[in-house]
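Please lead me through this structure, taking its helix, its strands and its internal space in turn.

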Amino acid sequence: MAKIEAKMADEMRAACIFHRGAVAAIGDDMGRLLGEVIEWVMKGGLQMAGPPFAVYYSSPEDMARGEMEFDVGIPFIGEAQGEGKIQIKTFPAHEVLSAIHKGPYNQIAPVYAALMEHATQNDYDVTGAPMELYLTNPMEVAESDLLTEVRFPVAKRRR
């Protein structure tokens, strides 16, 4: 199982596209949307400041109905205003529980379960939507070698 660590995530400014769609189409939607965001960042002469990511806002009930809501984004350095579907969002610095998943994206569920269990057993409250950071490019590495960092924003419960 992936090693879980508590750490601070730095503030991140990112170009994002919000999307609502079918769970079944998520892989196709994700690739297309990330392509749009990357193209926008490059056209704007901005410097990418980290890996592409997704923030998942859907609850398990939404997913059971086959619906997903998420942002895909690219952190960047530079000045820019959102346009069209592109929104500029700032994610504040915050504490996270983090684990790295190695392998296909469709086998990531056990990492989510382990992070939830770790949060519960160690007096953390999950304070927001989980984020996946895509550390490797699926066009460049085998599916079995894909690396994805999963982050849960958390706050330690007061005793």
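A residue is called buried when its relative accessible area is under 20%, and exposed when that area is over 50%. The model considered here is a predicted one.

With these cut-offs, helix α3, which covers residues 109-121, can be described from both of its sides. The 13 residues of α3 should span 18 Å at 1.5 Å a residue, and the end C-alpha atoms lie 19 Å apart, which agrees. Val111, Tyr112, Ala114, Leu115 and Ala119 are the buried residues of α3. Because these residues cover an arc of only 165 degrees around the axis, they sit on the same side of α3. The other side of α3 carries the exposed residues Ala109, Thr120 and Gln121.

The strands come next, beginning with β10. How many of the 10 residues of strand β10 are buried? In β10, which covers residues 147-156, seven are buried, so the strand is largely enclosed by the rest of the structure. Three pairings involve this strand, and each can be located by a pair of residues. Strand β7 (residues 94-102) pairs with β10 in the antiparallel sense over seven bridges, and Val96 stands opposite Pro153 of β10. Strand β8 (residues 124-126) is joined to β10 by three bridges, again in the antiparallel sense; here Asp125 has Ala155 in β10 as its bridge partner. Strand β9 (residues 131-134) runs antiparallel to β10, with four bridges between them, and Tyr134 stands opposite Thr148 in β10.

Another set of pairings is built around strand β2, which spans residues 12-22. Strand β5 (residues 67-77) pairs with β2 in the antiparallel sense over nine bridges, with Gly21 opposite Met68 in β5. Strand β6 (residues 86-91) also pairs with β2 in the antiparallel sense, over six bridges, and Ile17 stands opposite Ile86 in β6.

The internal space remains to be described. Rolling a probe the size of a water molecule over the atoms shows where empty space is left. The structure holds one cavity of 30 Å³ or more, and the space in the largest cavity is about 40 Å³. Which residues line the largest cavity? The lining consists of Ala9, Asp10, Met12, Phe91, Pro92, His94, Met131 and Arg151. By class, five of the lining residues are nonpolar, one is polar and two are charged. Several of these positions belong to strands already met: Met12 falls in β2 and Phe91 in β6, His94 in β7 and Arg151 in β10, and Met131 in β9.

Definitions and conventions
Residues numbered from 1 in each chain as written. Predicted model: local features only at pLDDT ≥ 70, side-chain atom pairs only at ≥ 80, totals over all residues. Heavy atoms only, no water. 1 Å grid on protein atoms, 1.4 Å probe; cavity = no way out; pocket = protein on both sides within 12 Å on 5 of 7 lines; lining within 4 Å. Points joined across faces, edges and corners; volume = space filled by probe spheres on them. Nonpolar A, V, L, I, M, F, W, Y, C, P; charged D, E, K, R; others polar. Pairing = 2+ DSSP bridges. Helix = DSSP H or I, 4+ residues; strand = E, 2+ residues; numbered from the N terminus. Expected span 1.5 Å × (residues − 1). Buried < 20%, exposed > 50% of the residue type's maximum accessible area, 1.4 Å probe, protein only. Arc of directions from axis to C-beta.
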